[in-house]
Amino acid sequence: MGKIKRSFTKASISEPAFVALVSAALEAYDKETLGAIMGTVYKKKILIKHAVAYQCAIRKLEEVSIWPAKEKKIRDAINALTGYKILGDFHSHPDWTCVLSKHDKADMIENGTRISVLISVGQADGNKIPWGYDKDEKFLYGTLRGDFLLNIRVYARELNSKRIYKVPIDCPFVTSMNKKALY
Ligand SMILES: [Zn+2]
């Protein structure tokens, strides 16, 4: 990730990435999921083109981790198969807020992670909420068939800094989800 130098102004989430992120978070629910996000960076914009969950992640209710050797294997395989750069990671917060914990922030700094996607999952209890984007709080939200309420945030860390900030998100796919009433 050596070429990324400046703050990011936008993170675009592609359809395959969105589907992978949401399905990984739902599959692991009510445990956390953990995985890698892949894509490209153009100027100050992040393009998240794909995401892959780590199957060997050690899942707990409020923490998830993976052995570094396994993580390296997966990263190398993804890079070889897709040619995409590993941009960072993603994890979920089952029944919890869509805010990075102190532990999450410390991990980003310690591991040198630049970009981290967070998905919170909760029960929607039959309430269907169309997908939308909160510009002020910078998160995507919506339900899936009224079963689960999901929030998605993209966090980034300044290069050589401990400053972690929320990146504005663009995800055109949610518009087609709304049209198809998949929420
Ligand atoms: Zn977390």
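Me: Which residues touch the most other members of the largest nonpolar core?

Reply: This is a predicted model, and in its largest nonpolar core, which has 42 residues, Leu 21, Ile 37, Ala 51 and Ile 119 touch the most other members.

Me: What makes a set of residues a nonpolar core?

Reply: The members have to be buried, come from a list of nonpolar types such as Leu, Ile and Ala, and be joined through C-beta atoms within 7 Å. Leu 21 shows the joining nicely: not counting residues up to four places away in sequence, Leu 21 touches Ala 51, Phe 90, Val 117, Ile 119 and Ile 152. Ala 51 and Ile 119 turn up again among the four that touch the most other members.

Me: Which elements give two or more residues to the core of Leu 21 and its partners?

Reply: β1 (10-13), α1 (15-28), β2 (34-42), β3 (45-53), β6 (85-94), β7, β9 and β10 do. The top contributor is α1, with eight residues.

Me: Staying with helices, how do you know that α2 lies largely in the open?

Reply: Count the buried residues. To be buried, a residue needs 20 or more other C-beta atoms within 10 Å of its own. Of the 15 residues of α2, just one is buried, so the helix lies largely in the open.

Me: And what span is expected for α2?

Reply: The rule is 1.5 Å times one less than the number of residues. For the 15 residues of α2 (68-82), that gives an expected 21 Å, and the helix reaches 21 Å from its first C-alpha to its last. Right after α2 comes Gly 83, with a positive phi near 75 degrees.

Me: Let's step back to the whole chain. Why is the protein called as compact as a globular protein of its length?

Reply: The protein has four helices and 12 strands. Its radius of gyration is 15 Å, close to the 16 Å that the globule rule gives for 183 residues, so it counts as that compact. Along its principal axes, the C-alpha trace spans about 45 × 35 × 35 Å. As for burial, 33% of the 183 residues make the cut.

Me: What share of the contacts between residues at least 6 apart join residues at least 24 apart?

Reply: It's 68%.

Me: On to the strands. How do you know that β7 and β10 pair?

Reply: Pairing takes at least two bridges. β7 (residues 115-123) and β10 (residues 148-157) have nine, so by that cut-off they pair, and they run antiparallel. One example is Leu 118, whose bridge partner in β10 is Arg 153.

Me: Which strand is joined to β10 by five bridges?

Reply: That's β9 (residues 139-144), again antiparallel. Leu 140 has Ile 152 as its bridge partner, and Thr 143 stands opposite Leu 149. β9 and β10 form a hairpin with three residues between them, where Arg 145 has a positive phi of about 50 degrees.

Me: What else pairs with β10 or β9?

Reply: β10 pairs with β11 (residues 164-167) over four bridges, antiparallel, with Ala 156 partnered by Tyr 165. Six residues sit between the strands of that hairpin, including Asn 160, whose phi is positive at about 55 degrees. β8 (residues 132-134) pairs with β9 over three bridges, also antiparallel, and Asp 134 stands opposite Phe 139. In the β8 and β9 hairpin, with four residues between the strands, Lys 138 takes a positive phi near 55 degrees.

Me: Why is Arg 153 called buried?

Reply: The cut-off is 20 or more C-beta neighbours within 10 Å, and Arg 153 has 24, so it is buried. Arg 153 touches Cys 98, Leu 118, Lys 138, Phe 139 and Lys 166, leaving aside residues up to four places away in sequence.

Me: Then why is Arg 157 called partly exposed?

Reply: Arg 157 is in β10 too, but with 19 C-beta neighbours inside 10 Å. Buried starts at 20 and exposed means 12 or fewer, with partly exposed in between. So 19 puts Arg 157 in the partly exposed class. Residues that Arg 157 touches include Met 108, Thr 113 and Ile 164.

Conventions:
Residues are numbered from 1 along each chain as its sequence is written. This is a predicted model: local features need pLDDT of at least 70, side-chain atom pairs count only at pLDDT 80 or more; totals for chains, interfaces and linings use all residues. The radius of gyration is taken over C-alpha atoms; the globule rule is 2.2 Å times the number of residues to the power 0.38. Two residues are in contact if their C-beta atoms, placed from the backbone, lie within 7 Å.
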